[in-house]
Amino acid sequence: MTRGAIVVGASSGIGEALVRELADRGYEVGLAARRTERMREIGAELPTKSYVATMDVADVEDAREGFVELADAMPGVDVVVLCAGTAHVNYGLEWEPERETIDVNVRGFVALATAAMSYFEERDDASAARDGHLVGISSVAGHVGVGGLQAYSASKAFVSNYLEALKARQRGADADVAITTVEPGYVDTELSMGGFWQSSPETAAAQIARAIAAERGHVYVTRRWRLVAWALDLLPNAVVRRLVA
């Protein structure tokens with residue numbers, strides 16, 4: 001049986017690497033992002049069939065419509081991965097960088113998460129083992145408020161908590177949808193803020209793909225970042241503020 005996956009934020013970084021990883025694992029892949037030609041180039045290199053949708057996540061109504069059109073164009077969608085995100089170092093608290101971060105990382109994320117959940121809950125595929133699998137890319141940065149990255153840190157805390165709330169909702173739902181929260185540390189992408197324990201997008205994608213296959217509820221990428229996340233959660237706030245100042 002052919003499996004299908006949609007990756008939002010597929011034109012670079014973790015999203016691009018995950019598109020390639022999932023295709024290598026036999027998935028037909030729907031690529032969604034703003035850079036149409038880049039996605040077509042990536043799709044042409046895949047060993048499985050690909051589908052492309054141009055999407056600006058910050059335009060939430062357009063993004064939701066684009067998601068539905070992409071899903072309808074594919075034979076079936078078993079996995080949706082929400083990778084799209086942005087980050088700005090903004091010590092001056094200029095409004096536009098903060099607004100863009102919230103528009104993409106919060107409003108755009110919720111718009112597509114709800115669209116994906118609606119798609120899964122309304123599908124009728126008796127041959128599928130599950131009704132679907134939603135994967136959201138959060139960040140270890142969501143465990144702490146990082147100076148200069150206040151909107152990014154807050155947006156990723158929102159993503160993690162939103163996904164946890166969806167998992168709680170699933171316990172009383174008729175549909176059988178798996179939900180995975182992915183919290184990367186530093187990954188060598190356009191958004192990378194440092195080199196400490198930094199992994200390649202390909203390493204991150206391989207670990208995320210394994211988490212999808214195992215239907216894990218939560219995963220750190222790379223796994224050693226769970227130690228940092230635990231420390232951030234357990235240390236007193238005054239100590240954490242000194243560490244991330």
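Which side chain does the side chain of Glu45 make a polar contact with? The partner is the side chain of Arg20, at 2.8 Å. Keep in mind that this is a predicted model. The briefing below starts from that contact, then moves on to the aromatic rings and to strand β6.

**Charged side chains**

- Glu45 sits in the loop between α2 (36-44) and β3 (50-54).
- Along the chain, Glu45 and Arg20 are 25 residues apart, and their C-alpha atoms are separated by 8.6 Å.
- Another arginine, Arg3, lies over the face of Tyr27, at 4.2 Å from the ring centre.

**Aromatic pairs**

- The model has 4 aromatic pairs, counting rings whose centres lie within 6.5 Å.
- One of them joins Phe109 and Tyr162 edge-to-face, with 6.2 Å from centre to centre and 85 degrees between the planes.
- Phe109 belongs to helix α4 (residues 95-122) and Tyr162 to helix α5 (residues 150-170), so this pair ties together parts that are 53 residues apart in sequence.
- Phe109 has a relative accessible area of 7% and is buried, because buried means under 20%.
- Tyr119 and Phe120 also form an edge-to-face pair, at 5.7 Å centre to centre and with 65 degrees between the planes.
- Phe120 counts as buried too, with a relative accessibility of 0%.
- Phe67, Tyr119 and Phe120 are linked into a cluster by ring pairs.

**Strand β6 and its cover**

- Strand β6 spans residues 177-184, and 8 of its 8 residues are buried.
- In a regular strand, side chains alternate between the two faces of the sheet.
- On one side of β6 are Val177, Ile179, Thr181 and Glu183, and on the other are Ala178, Thr180, Val182 and Pro184.
- The residues on both of these faces are all buried, so both faces of β6 are covered, buried being under 20% relative accessible area.

**The neighbours of β6**

- Strand β5 (residues 132-137) pairs with β6 in the parallel sense over 6 bridges.
- Within this pairing, Leu134 stands opposite Ile179 of β6.
- Together with α5, the strands β5 and β6 make a right-handed β-α-β unit.
- Helix α5 is also the helix that holds Tyr162, the ring partner of Phe109 in helix α4.
- β6 pairs as well with strand β7 (residues 218-221), in the parallel sense and over 4 bridges.
- Here Thr181 has His218 in β7 as its bridge partner.

Note on methods. Residues are numbered from 1 along each chain as its sequence is written. This is a predicted model: local features need pLDDT of at least 70, side-chain atom pairs count only at pLDDT 80 or more; totals for chains, interfaces and linings use all residues. Side-chain values use heavy atoms; hydrogens and water are left out. Rings of Phe, Tyr and Trp (its six-membered ring) pair if their centres lie within 6.5 Å; planes under 30 degrees apart count as stacked, over 60 as edge-to-face and the rest as tilted. Helices (H or I, at least four residues) and strands (E, at least two) are DSSP runs, numbered from the N terminus. Buried means under 20% relative accessible area, exposed over 50%, partly exposed in between (1.4 Å probe, protein chains only). A charge sits over a ring if NZ of Lys or CZ of Arg is within 6 Å of the ring centre and within 35 degrees of the ring normal. Two strands pair if DSSP finds at least two bridges between them. A crossover is right-handed if, with the strands pointing away from the viewer, the path from the first strand over the helix to the second runs clockwise. A polar contact is a pair of N or O atoms within 3.5 Å; within protein, one must be able to donate a hydrogen and the other to accept it, and residues adjacent in sequence count only if both atoms are side-chain atoms.
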